[in-house]
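Thanks for coming. I will take a few minutes on one chain and go through its rings, its charges and its surface.

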Amino acid sequence: MLKSPILELDFSLYSDFIDVDTLPSELKLWKRKWIAFKEVDRPHTAVEALNYCNPELFPNIHFLLKVLATLPVSTATPERIFSTLKRVKTFLRNSTGQERLTGLALLSVHRDVTVNPDEVLNQFALQKDRNILLV
């Protein structure tokens, strides 16, 4: 932030959430706060800066840092999820309901979660009466 100029027009998208009138003075105070620090002591990520930002003193900057910290750095994760969903839909086509499709997509994306087949079978057995005895 100290190296590049920041224009008020850059934040017009968030005008419903921040006070655009007080933002310029808040940015000046925020810059002044960090000028006294050495380069190595300044925050280098949005999350680090958010930890140092007092929401009562800098409400607009705090909001903008939260937005910046939550934006994905790349689109790899969403693309991987959509690719997985495409594979699952191709495999199942229209033979499954939305709830099952969501469950299968979640299982595919979160492969690190272990599923115990006995627990799943017990859950289904206890849900309702069935023609076949599952237990």
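I start with Trp34, which is buried at 6% relative accessibility, since the cut-off for buried is under 20%. Please keep in mind throughout that this is a predicted model.

What does the ring of Trp34 pair with? The partner is Tyr52, and the pair is edge-to-face, with 5.5 Å centre to centre and 75° between the planes. Trp34 sits in helix H1 and Tyr52 in helix H2, which covers residues 46-52, so this pair links distant parts of the chain, 18 residues apart. The two partners are not covered alike: Trp34 counts as buried, while Tyr52, at 47% relative accessibility, counts as partly exposed. That 47% falls in the band between the 20% and 50% limits, so Tyr52 is neither buried nor exposed.

Both rings also belong to a wider group. Trp30, Trp34, Phe37, Tyr52 and Phe58 make up one aromatic cluster.

How many aromatic pairs are there by the rule used here? The count is six. Another of them joins Tyr14 and Phe63, again edge-to-face, at 6.1 Å between the centres and with 70° between the planes. Tyr14 lies in the segment before helix H1, residues 23-35, and Phe63 lies in helix H3, residues 59-70, so this pair ties together parts that are 49 residues apart in sequence. Phe63 has a relative accessible area of 22% and is partly exposed. The limit for buried is under 20%, so Phe63 does not count as buried.

Stepping back to the fold, the chain has six helices and zero strands. From the N terminus on, the order of elements reads α-α-α-α-α-α. The chain has 135 residues, and 19% of them count as buried.

Now the charges. As a general point, side chains of opposite charge can pair when their charged atoms come close. How many salt bridges does the rule give here? The count is one. The side chains involved are those of Arg42 and Glu39, with 3.1 Å from N to O. Arg42 counts as buried at 19% relative accessibility, and Glu39 counts as partly exposed at 39%. For Arg42, the value of 19% is under the 20% limit, which is why the residue is classed as buried.

The last part concerns helix H5, residues 98-109, where Leu107 is placed. Leu107 counts as partly exposed, at 46% relative accessibility. This leucine is part of a nonpolar patch on the surface, together with Val113, Val115, Val120 and Phe124. Together these residues have about 420 Å² of accessible area.

Ser108 is in helix H5 too. Is Ser108 buried or exposed? Ser108 is buried, with a relative accessible area of 15%. The C-alpha atoms of Ser108 and Leu85 are 8.5 Å apart, while the two residues are separated by 23 residues along the chain.

Helix H5 also contributes to a pocket. Which residues line the second largest pocket? They are Glu99, Arg100, Gly103, Leu104 and Phe124. Four residues of this lining come from H5, which is the largest share. The volume of the second largest pocket is about 150 Å³. Phe124 therefore turns up twice in this talk, in the pocket lining and in the nonpolar patch with Leu107.

That is the end of my part, and I will take questions.

Methods: Residues numbered from 1 in each chain as written. Predicted model: local features only at pLDDT ≥ 70, side-chain atom pairs only at ≥ 80, totals over all residues. Heavy atoms only, no water. Phe/Tyr/Trp six-rings, centres within 6.5 Å; stacked < 30°, edge-to-face > 60°. Helix = DSSP H or I, 4+ residues; strand = E, 2+ residues; numbered from the N terminus. Buried < 20%, exposed > 50% of the residue type's maximum accessible area, 1.4 Å probe, protein only. Patch = residues over 30% accessible without salt bridge, like charges linked within 9 Å, V, L, I, M, F, W, Y side chains within 5 Å. Areas by Shrake-Rupley, 256 points an atom, 1.4 Å probe, with all protein chains shown as cover. Salt bridge = Lys/Arg side-chain N within 4 Å of Asp/Glu carboxyl O. 1 Å grid on protein atoms, 1.4 Å probe; cavity = no way out; pocket = protein on both sides within 12 Å on 5 of 7 lines; lining within 4 Å. Points joined across faces, edges and corners; volume = space filled by probe spheres on them.
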